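Here are a few notes to read alongside the model. They go point by point, so you can follow along in the viewer.

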Amino acid sequence: MTVSKMEGLEIPMLTYLIESTQTYLALLDRELNFVVVNSRFAPFMGRDKAELVGKNYLEIFPDASTRLKFEQARDTGEEVKFCPKKSF
């Protein structure tokens with residue numbers, strides 16, 4: 001599903017909400033393809049938005065533990081949160 005096909009949501013409002021959050025935000029479909037990423041998420045991941053949208057998360061960032069977390073979220077409906085580790 002693309003943002004333009006999300007029923008019942010005004011696209012300008014959705015875009016505003018996604019871009020105005022202070023959170024690194026990415027929306028993935030059930031196959032773990034990027035549907036939307038905000039302007040904070042893409043540079044945090046070292047990528048441009050265009051490099052991510054439409055691509056599969058696990059093809060770009062292959063990691064066994066991440067795969068398990070995402071598959072569990074997909075199968076259970078529970079959210080997945082990742083917090084960047086601070087290095088001091």
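1. Let's start with a term: a salt bridge is a side-chain nitrogen of Lys or Arg within 4 Å of a carboxyl oxygen of Asp or Glu. Keep in mind as you look around that this is a predicted model. By that rule, the count comes to 4 salt bridges.

2. Take E19 and K49 to begin with: their side chains meet in a salt bridge, at 2.8 Å from N to O. E19 sits in helix α1 and K49 in helix α3 (residues 49-52), so this pair ties together parts that are 30 residues apart in sequence. Are these two buried or exposed? Neither, really: E19 counts as partly exposed at 29% relative accessibility, and K49 is partly exposed too, at 33%.

3. Two further bridges are worth a click. E51 and R47 meet through their side chains at 4.0 Å, N to O; E51 is partly exposed with a relative accessible area of 35%, and R47 is partly exposed at 28%. D75 pairs with R74, with their closest N and O atoms 3.2 Å apart. Here D75 is exposed, at 57%, while R74 counts as partly exposed at 31%.

4. Now for the overall layout. The chain has 5 helices and 2 strands, and from the N terminus on they run α-β-β-α-α-α-α. Of the 88 residues, 24% are buried. The chain exposes about 6700 Å², with carbon and sulfur atoms supplying 55% of that. If you look at contacts with a separation of 6 or more, 18% of them are between residues 24 or more positions apart.

5. Which residues make up the largest nonpolar core? There are 11 in all: L32, F34, V37, F41, A42, L52, Y57, L58, I60, F61 and F70. β2, α2 and α4 (57-60) each supply at least two of them, and the largest share, 3 residues, comes from α4. One core member to zoom in on is I60, which touches F34, R47, E51, L52 and K55, leaving aside residues up to four places away in sequence. So I60 meets both partners of one of the bridges in point 3, E51 and R47.

6. L32 deserves a second look. This core residue lies in the loop between β1 (26-28) and β2, and it counts as buried because its relative accessibility is 7%, with the cut-off at under 20%. Its phi is near 70°, a positive value in a residue other than glycine. Most residues other than glycine have a negative phi.

7. N38 is a polar residue to check next. Where does N38 lie? In the loop between β2 (34-37) and α2 (41-44). N38 is buried, at 0% relative accessibility, and its side chain reaches the backbone oxygen of I18 at 3.2 Å. Setting aside residues up to four places away in sequence, N38 touches I18, E19, T21, T23, Y24, L25 and K49. That list includes E19 and K49, the salt-bridge pair from point 2.

8. Finally, the outside. M13, Y16 and L17 make a nonpolar surface patch of about 350 Å². Y16 is found in helix α1 (residues 11-20) and is exposed, with a relative accessible area of 54%. Over in strand β1, L27 is partly exposed at 30%. L27 and V53 are 26 residues apart in sequence and 9.4 Å apart in space, C-alpha to C-alpha.

Note on methods
Residues numbered from 1 in each chain as written. Predicted model: local features only at pLDDT ≥ 70, side-chain atom pairs only at ≥ 80, totals over all residues. Heavy atoms only, no water. Helix = DSSP H or I, 4+ residues; strand = E, 2+ residues; numbered from the N terminus. Buried < 20%, exposed > 50% of the residue type's maximum accessible area, 1.4 Å probe, protein only. Polar contact = N/O pair within 3.5 Å; in protein donor to acceptor, adjacent residues only side chain to side chain. Contact = heavy atoms within 4.5 Å. Patch = residues over 30% accessible without salt bridge, like charges linked within 9 Å, V, L, I, M, F, W, Y side chains within 5 Å. Areas by Shrake-Rupley, 256 points an atom, 1.4 Å probe, with all protein chains shown as cover. Core = buried A, V, L, I, M, F, W, Y, C linked by side-chain atoms within 4.5 Å.
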